Amino acid sequence: MAIHVKNNIHWVGQRDWEVRDFHGTEYKTTKGSSYNSYLIREEKTVLIDTVDHKFSGDFVRNLSAEIDLETIDAIIINHAEEDHAGALSELMARIPGTPIYCTANGVDSINGHHHHPEWDFHVVKTGDVLDIGNGKQLVFIETPMLHWPDSMMTYLSGDAVLFSNDAFGQHYCDEHLFNDEVDQAELFEQCQRYYANILTPFSRRVTRKIDEILGFNLPLEMIATSHGVVWRDNPAQIVALYAKWAADYQEDRITIFYDTMSNNTRMMADAIAQGINEVDPRVAVKIFNVSRHDKNEILTNVFRSKGVLVGSSSMNNVMMPKVAGMLEELTGLRFRNKKASAFGSYGWAGGAVDRIQTRLMDAGFETGLALKIKWRPDTDALEVCRDHGRDIARQWALPAQTDLEAVA
């Protein structure tokens, strides 16, 4: 069912309450998701994006119940990934001559997914416009690598709506469409999770693109995302959050994650956390076993943290495989301005800790002294771990806030 967004704009997307995996199984969508497609009916009728390919049939049927498909004058594809443009083949089978507006990389990406080079592609660049009548224009803004090379945003003048693609969105499904209608704690959590796990590697680009968009001095009354809510109540709030998150974001928080064979490394993690808390009880310390916890929750906590401690038992003189996988994630996300250190138990050579330390350096972390404990830690060894935690707390302490900074 179409939902009225503003004036002659309607949401014609699809809710997906059941989806739990995105990008293969790399992102856990704990709250489902939505695929937001928008229909604009001015003198020209324009469709912005479609939905995930698995809903192609439902999408085309629902859209044809809303409007005669032959009256669609243009299709805007802000991003060609299958969760945005997945229904394009089925739609174009009904209206094959309809022009498609996208970036140059979008043509390549759409053809890579759908294999229809004969479609009527219109390549657009930043600043190009499409007049849709009634004094309104669609203005295109390229956003390469936010988060694909083909990505762009589309701005509707007159209504002051930014169709923002993946930026400012979240994998979040709710019966309500607008940001002021949903649970605010859930919404914030999913926004931060989405940024931390998907957009962190592109933070420098986020900062530049926000500055560029603000430099256009365009009025902004609504942000219509590709996933999750439409920001109609103070849409600038999510822009401000993105600017904050893109600026090497960190809180007074330390994340500890590990894997263990005989609970020895777990015991070390607990003792290290105790030492940190003893010296600095204000710092938030979160501990995760990578074999038991949601990977994306761990990564979100690393994003929020000033530092991370990574632990592993030594198995075949290397780290546990799930820890190795998490280190690959950290490397790909390219966190900046964070400290890190390795720890772990061993029985022979203790190669895991050395390998972790090297990988943390490769991932761009500022590394400190690592800690190895042989065999199962006894009372004395646990005190060594607590001492290590105390040292970490002192070395990683953030500068004390002034009263004015705290208020700000």
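The paragraphs below lead through a predicted model of one chain, from its overall make-up to one sheet, its loops, its nonpolar cores and a pocket.

Because the model is predicted, local features are given where pLDDT is at least 70 and side-chain atom pairs count only at pLDDT 80 or more, while totals for chains, interfaces and linings use all residues. Residues are numbered from 1 along each chain as its sequence is written, and side-chain values use heavy atoms, with hydrogens and water left out.

The secondary structure of the chain comes to 13 helices and 23 strands, where helices (H or I, at least four residues) and strands (E, at least two) are DSSP runs numbered from the N terminus. Along its principal axes the C-alpha trace spans about 80 × 50 × 35 Å. Of the 408 residues in the chain, 56% are buried; buried here means under 20% relative accessible area, exposed means over 50%, and partly exposed lies in between, with a 1.4 Å probe and protein chains only. Taking contact to mean heavy atoms within 4.5 Å, 70% of the contacts between residues at least 6 apart in sequence join residues at least 24 apart.

A useful place to enter the fold is an open sheet of 6 strands, whose order is S12-S13-S14-S15-S16-S17 and whose pairing is mixed; two strands count as paired if DSSP finds at least two bridges between them. Its edge strands, each pairing on one side only, are S12 (129-133) and S17 (230-231). Strands of a sheet pair through backbone hydrogen bonds, either parallel or antiparallel.

Within this sheet, strand S14 (residues 152-156) is mostly covered, with 5 of its 5 residues buried. Met152, Thr154 and Leu156 point one way from S14, whereas Met153 and Tyr155 point the other way. In a regular strand the side chains alternate between the two faces of the sheet. On one side S14 runs antiparallel to strand S13 (residues 136-142), to which 5 bridges join it, and Tyr155 is there the bridge partner of Val139. S14 also runs antiparallel to strand S15 (residues 161-165), through 3 bridges, with Leu162 as the bridge partner of Tyr155 in S15, while Leu156 stands opposite Val161. The hairpin of S14 and S15 has 4 residues between the strands, and in it Gly158 takes a positive phi near 85°.

Strand S15 is largely enclosed by the rest of the structure, because 5 of its 5 residues are buried. Val161, Phe163 and Asn165 point one way from S15 and Leu162 and Ser164 the other. S15 runs parallel to strand S16 (residues 222-225), to which it is joined by 4 bridges, and Phe163 has Ala224 as its bridge partner in S16.

The backbone also holds some less common geometry. Most residues other than glycine have a negative phi, and most peptide bonds are trans. Met145, in the loop between S13 and S14, has a positive phi near 65° and is partly exposed, with a relative accessible area of 25%. In the loop between S13 and S14 lies His147 as well, and a cis peptide bond with omega of about 5° joins Leu146 and His147. Asn316 lies in the loop between strand S20 (307-312) and H10; its phi is positive, near 60°, and Asn316 is exposed, with a relative accessible area of 72%.

Turning to the interior, a nonpolar core is a set of buried Ala, Val, Leu, Ile, Met, Phe, Trp, Tyr and Cys residues joined through side-chain atoms within 4.5 Å. The largest such core has 86 residues, of which Leu63, Phe168, Tyr242 and Phe257 touch the most other members. Helix H5 (residues 184-199) gives the most to this core, with 7 residues. Apart from the largest core lies another, of 25 residues, among them Ile3, Ile76, Val161 and Ala224.

Helix H5 also leads to the second largest pocket, since H5, helix H9 (295-304) and helix H10 (321-333) are the elements that give two or more residues to its lining. This pocket is lined by 16 residues, of which His23, Asn197, Ile198, Glu329 and Leu333 lie nearest its centre. A pocket is defined on a 1 Å grid over the protein atoms alone, as an open set of points where a 1.4 Å probe fits, with protein on both sides within 12 Å along at least five of seven lines, and lining residues have an atom within 4 Å of a point.
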